[in-house]
Amino acid sequence: METLEAIKRRVSTRKYLDKQIKDEELQIILDAGKQAPVAYNKYDDLIITVVQNKDVLNEIDRLCDKYYGVDTRIFFDAPTLIFVSSKKAKYDQEYENVACIMENMALAATDINIGNVYLKGMTLHIEEKTLAKILNLPEDFKAIAALGVGYPDRETTPKIHDIKINRI
Ligand SMILES: Cc1cc2nc3c(=O)[nH]c(=O)nc-3n(C[C@H](O)[C@H](O)[C@H](O)COP(=O)(O)O)c2cc1C
């Protein structure tokens, strides 16, 4: 698939098959994430953590349900979560760095027909230190977002989005 085709076809998947993706597929997604641009070339200030262990996934789900007091299915039962964490960066650029990695991974996943969804909620609703401990992060790292990935339970239909464009 061409890059522009992957960009057009990317869509958030919120229903997954109960089947893990192949390691080769995961590797393609991770390699794309690693190729993202990062401010000041500070790749060492970022960590990508793959969570596939069911006990850990259940614990993350449980902590979010506890926060909301309802069954959230916060990551839609995606069998793999790819967290992107960062050290605090100059000029708050950790958020942009993480977003670049996230989108590269989302497009790579789309390219190989792996469903994916950008997930911010877990990093907002699980206490920072608790999540850092679950993810085994070093002291000064914070989880910023996660990509849920897995086989979609049905064919996904891309949407057309519009953003106002001004030309000056
Ligand atoms: C920074 C960011 C945070 C997001 N957080 C969540 C989230 O926590 N849960 C979720 O279901 N979708 C989340 N999304 C996905 C958006 O809701 C989705 O991309 C948007 O509605 C457009 O739909 P599409 O991805 O299907 O094109 C997030 C997207 C971005 C860029």
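Which residues surround the ligand? Select Val 11, Ser 12, Val 117, Tyr 118, Leu 119, Lys 120, Gly 121 and Lys 159, which together surround the ligand (a residue is near a molecule if its C-beta atom, placed from the backbone, lies within 6 Å of it). This is a predicted model, in which local features need pLDDT of at least 70 and side-chain atom pairs count only at pLDDT 80 or more, while totals for chains, interfaces and linings use all residues. Residues are numbered from 1 along each chain as its sequence is written.

Colour that shell by class, and 4 nonpolar, 2 polar and 2 charged residues appear (Ala, Val, Leu, Ile, Met, Phe, Trp, Tyr, Cys and Pro count as nonpolar, Asp, Glu, Lys and Arg as charged, and the others, Gly among them, as polar). The largest share of the shell, 3 residues, comes from strand β3, residues 115-119 (strands are DSSP E runs of at least two residues and helices are H or I runs of at least four, numbered from the N terminus).

From β3, widen the selection to the open sheet of 4 strands, whose order is β1-β2-β4-β3 with antiparallel pairing (two strands pair if DSSP finds at least two bridges between them). The edge strands are β1 (46-51) and β3, each of which pairs on one side only, and the twist averages 20° from one strand to the next.

Next select β4, residues 141-150, which runs antiparallel to β3 and is joined to β3 by 5 bridges; within this pair, Leu 119 has Ala 146 of β4 as its bridge partner. With β2, strand β4 pairs in the antiparallel sense over 8 bridges, and here Leu 81 stands opposite Gly 148 of β4. Strand β4 is mostly covered, with 7 of its 10 residues buried (buried means that 20 or more other C-beta atoms, placed from the backbone, lie within 10 Å of the residue's own).

Finally, bring up helix α2 (residues 23-34) and helix α4 (residues 94-111), which pack at an angle of about 145° with their axes 7 Å apart (axes are lines fitted to C-alpha atoms, for helices over the stretch in contact, and angles run from 0 to 180 degrees between N-to-C directions). To see the contact, select Ile 28, Ile 29, Ala 32 and Gly 33 of α2 together with Ile 101, Asn 104, Met 105, Leu 107, Ala 108 and Ala 109 of α4 (residues are in contact if their C-beta atoms, placed from the backbone, lie within 7 Å). By class, this contact has 8 nonpolar, 2 polar and no charged residues.

Definitions and conventions. Contact = placed C-beta atoms within 7 Å. Buried ≥ 20, exposed ≤ 12 C-beta atoms within 10 Å, placed from the backbone.
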